[in-house]
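Let's take a walk through this model together. Have a look at the fold first, and then we'll pick out some side chains.

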Amino acid sequence: MSQTDSTIQALSAEVSKLRQELQLRDQLVQQLSQELFRLVKGNTNFMPQTEVSERHLSQLHELREQLQAVEQQVTFYQEQISTRDVEIYQLRQSVQELTDRSRMLEQVVQELPHIYRRKFEERMAPVREKVAMLQQENRQLQAELQSVSYRLALKTRTASHSGIDLPNFPRAASPQNNISPQNA
């Protein structure tokens, strides 16, 4: 046990030595803190001036108010942007719908002349047939009219004149009015 006792005594001596060093350090820390406190308390340049501090506080307050106003503006503009985004989306959809409708109408407009020609031809076919019939009937009626007119002329001529009608030429009384038949 003598070895254990000697180890215990050595450790005790070392612990007491460390305690003394720790006390010495505590005293030094205490002295340094007192000296530092005395230096800080006595030095007015170390502490910030109250005027500067109040001025900084007022500037800080103004900056906070400005920041709050800017945040409100940003919020307002974000709402405006989101509203406009919705409007833009709706307008784009409307433009797409109108573009599709316009294309469809353009196609219809391009087909309209063909449709109108076909419909016109369909409507004109009976009219053309009717015109052709009327023209044929007109030719027949004119041929009959000529035939009847010719026959009537022959009948009236034979009935009223039994001879040939010769023209009556006036006789010239003076020699100046004599015109030779060769010059005539």
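Start at glutamate 35, which is partly exposed, with a relative accessible area of 34%. Keep in mind that this is a predicted model. The side chain of glutamate 35 meets that of arginine 38 in a salt bridge, at 1.9 Å from N to O. Why are these two placed one turn from each other? They sit 3 residues apart in helix α1 (residues 2–42), so about one helical turn separates glutamate 35 from arginine 38.

Now step back to the whole chain. How many helices and strands does the protein have? There are 2 helices and 0 strands. Helix α2 covers residues 50–160. As for burial, 0% of the protein's 184 residues count as buried; the cut-off here is a relative accessible area under 20%. The accessible surface adds up to about 18600 Å², and carbon and sulfur atoms account for 56% of it.

Back to the charged pairs. The count of salt bridges in the model comes to 4, and the pair in helix α1 is one of them. Over in helix α2, arginine 103 and aspartate 100 are 3 residues apart, so they are separated by about one helical turn. Their side chains meet in a salt bridge with an N to O distance of 3.9 Å, and the cut-off for counting such a pair is within 4 Å. Is arginine 103 buried or exposed? With 53% relative accessibility, arginine 103 counts as exposed, since the threshold for that label is over 50%. Its partner, aspartate 100, is at 39% and counts as partly exposed.

Further along helix α2 you'll find arginine 118 and glutamate 122, whose side chains meet in another salt bridge at 3.9 Å, N to O. This pair is spaced 4 residues apart in the helix, so about one helical turn lies between arginine 118 and glutamate 122. Both ends count as partly exposed: arginine 118 has 45% relative accessibility, and glutamate 122 has 47%.

Let's finish with something less charged. Which residues form a nonpolar patch on the surface? Phe76, Tyr77 and Ile81 do, and together they have about 330 Å² of accessible area. To place the patch on the fold, look for isoleucine 81 in helix α2, the helix that also holds the arginine 103 and aspartate 100 pair.

Notes:
Residues are numbered from 1 along each chain as its sequence is written. This is a predicted model: local features need pLDDT of at least 70, side-chain atom pairs count only at pLDDT 80 or more; totals for chains, interfaces and linings use all residues. Side-chain values use heavy atoms; hydrogens and water are left out. Patches are made of residues with over 30% relative accessible area and no salt bridge: like charges are joined within 9 Å, nonpolar side chains (Val, Leu, Ile, Met, Phe, Trp, Tyr) within 5 Å. Accessible areas come from the Shrake-Rupley method with a 1.4 Å probe; for residues, only the protein chains shown count as cover. Buried means under 20% relative accessible area, exposed over 50%, partly exposed in between (1.4 Å probe, protein chains only).
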